[in-house]
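User: I would like to work through this model with you, moving from the overall composition to individual residues. Please reason each answer through before giving the value or name.

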Amino acid sequence: GLMILHKRATLERDGLATAFPFEDQAGDLLNRFRPRGALAVPLRLRGDGSRLLVVNTHANAESGDQLFDLSRLLSGAGISSIPSTSVHRKTQLQQLFLEASRLAEARGARALLCGDLNSSPEL
């Protein structure tokens, strides 16, 4: 599951949390049992009243093809610790960026994205 923790002395909740599933759940067999998505929490800085939307996620790590490549596993190569390109992860992150921008703009807030993106900076 996803959660967002904050210091109450610094931030206060500024509305209800929103959770949304990713439209693309392909690429990871386990997504059928625990769909991936994001959690967005609107917060307000106590000091100056600035609005902030914190969004937490956990995107796909590897595509199903990579996880179940038996020849790679049997050869001893295993699974790389550096995520390789995944069209499903890319789709999930594109949805995340668009949805976070939409939600933040609707609230007049800045967006802060965090979580396990399972991606290199290049996406």
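User: What share of the 123 residues in the chain is buried?

Analyst: This is a predicted model, and the values here are computed from it. A residue counts as buried when its relative accessible area is under 20%. By that criterion, the buried share of the 123 residues in the chain is 33%.

User: In what order do the elements of the chain run from the N terminus on?

Analyst: The secondary structure comes to three helices and five strands. Read from the N terminus on, these elements run β-β-β-β-α-α-α-β.

User: Among contacts between residues at least 6 apart in sequence, what percentage joins residues at least 24 apart?

Analyst: One pair that spans such a separation is Leu117 and Leu93, which are 24 residues apart along the chain while their C-alpha atoms are separated by 7.6 Å. Across the chain, among contacts between residues at least 6 apart in sequence, the part that joins residues at least 24 apart is 65%.

User: Which element gives the most residues to the largest nonpolar core?

Analyst: The largest nonpolar core has 12 residues in all, including Phe20, Phe22, Leu53, Val55, Leu93, Leu96 and Leu103. Two or more residues of this core come from each of β3 (37-45), β4 and α3 (87-107). With five residues, the element that gives the most to this core is α3. In general terms, nonpolar side chains in soluble globular proteins tend to be buried together, and the element asked for here is α3.

User: How many residues does the other core, the one with Ile4, Leu39, Val41 and Val54 among its members, contain?

Analyst: The largest core counts Ala38, Ala40, Leu53 and Val55 among its residues, and α3 is its main contributor, giving the most with five residues. Apart from that core lies another, with Ile4, Leu39, Val41 and Val54 among its members, and its residue count is six.

User: Is Leu117 buried, partly exposed or exposed?

Analyst: Leu117 is placed in the segment after β5 (110-116). Beyond its neighbours within four places in sequence, Leu117 is in contact with Thr57, Ala59, Asn60, Arg89, Leu93 and Leu96, and Leu96 in turn contacts Phe20, Phe22, Ala38, Val55 and Thr57 as well as Leu117. Because its relative accessible area is 31%, Leu117 is classed as partly exposed.

User: Which residue's backbone oxygen does the side chain of Asn56 reach at 2.9 Å?

Analyst: Asn56 is found in strand β4 (residues 51-58) and, because its relative accessible area is 13%, counts as buried. Not counting residues up to four places away in sequence, Asn56 touches Leu2, Met3, Ile4, Gly37, Ala38, Leu39, Cys114 and Gly115. Of these, the residue whose backbone oxygen the Asn56 side chain reaches at 2.9 Å is Met3.

User: How many residues apart are the salt-bridge partners Glu12 and Arg46?

Analyst: The closest N and O atoms of Glu12 and Arg46 are 3.5 Å apart. Glu12 lies in strand β1 (residues 11-13) and Arg46 in the loop between β3 and β4, so that the pair links distant parts of the chain, its sequence separation in residues being 34.

User: In the salt bridge between Arg51 and Asp14, how far apart are the closest N and O atoms?

Analyst: Arg51 is partly exposed, with a relative accessible area of 31%, whereas Asp14 is buried at 13%. The distance between the closest N and O atoms of this salt bridge is 2.8 Å.

User: Which partner in the salt bridge of Asp28 with Arg34 is buried?

Analyst: The two residues form a salt bridge whose closest N and O atoms are 3.7 Å apart. Arg34 has a relative accessible area of 35% and is therefore partly exposed. The other partner has a relative accessible area of 11%, which places it in the buried class, and this residue is Asp28.

User: What is the approximate area of the nonpolar surface patch made by Leu29, Leu30 and Phe33?

Analyst: Over the chain, about 8000 Å² is exposed, and carbon and sulfur atoms supply 57% of it. Leu30 lies in the loop between β2 and β3 and is partly exposed, with a relative accessible area of 46%. The nonpolar patch that Leu30 makes with Leu29 and Phe33 has an area of about 350 Å².

Definitions and conventions:
Residues are numbered from 1 along each chain as its sequence is written. This is a predicted model: local features need pLDDT of at least 70, side-chain atom pairs count only at pLDDT 80 or more; totals for chains, interfaces and linings use all residues. Side-chain values use heavy atoms; hydrogens and water are left out. Helices (H or I, at least four residues) and strands (E, at least two) are DSSP runs, numbered from the N terminus. Buried means under 20% relative accessible area, exposed over 50%, partly exposed in between (1.4 Å probe, protein chains only). A polar contact is a pair of N or O atoms within 3.5 Å; within protein, one must be able to donate a hydrogen and the other to accept it, and residues adjacent in sequence count only if both atoms are side-chain atoms. Contact means heavy atoms within 4.5 Å. Accessible areas come from the Shrake-Rupley method with a 1.4 Å probe; for residues, only the protein chains shown count as cover. A nonpolar core is a set of buried Ala, Val, Leu, Ile, Met, Phe, Trp, Tyr and Cys residues joined through side-chain atoms within 4.5 Å. A salt bridge is a side-chain nitrogen of Lys or Arg within 4 Å of a carboxyl oxygen of Asp or Glu. Patches are made of residues with over 30% relative accessible area and no salt bridge: like charges are joined within 9 Å, nonpolar side chains (Val, Leu, Ile, Met, Phe, Trp, Tyr) within 5 Å.
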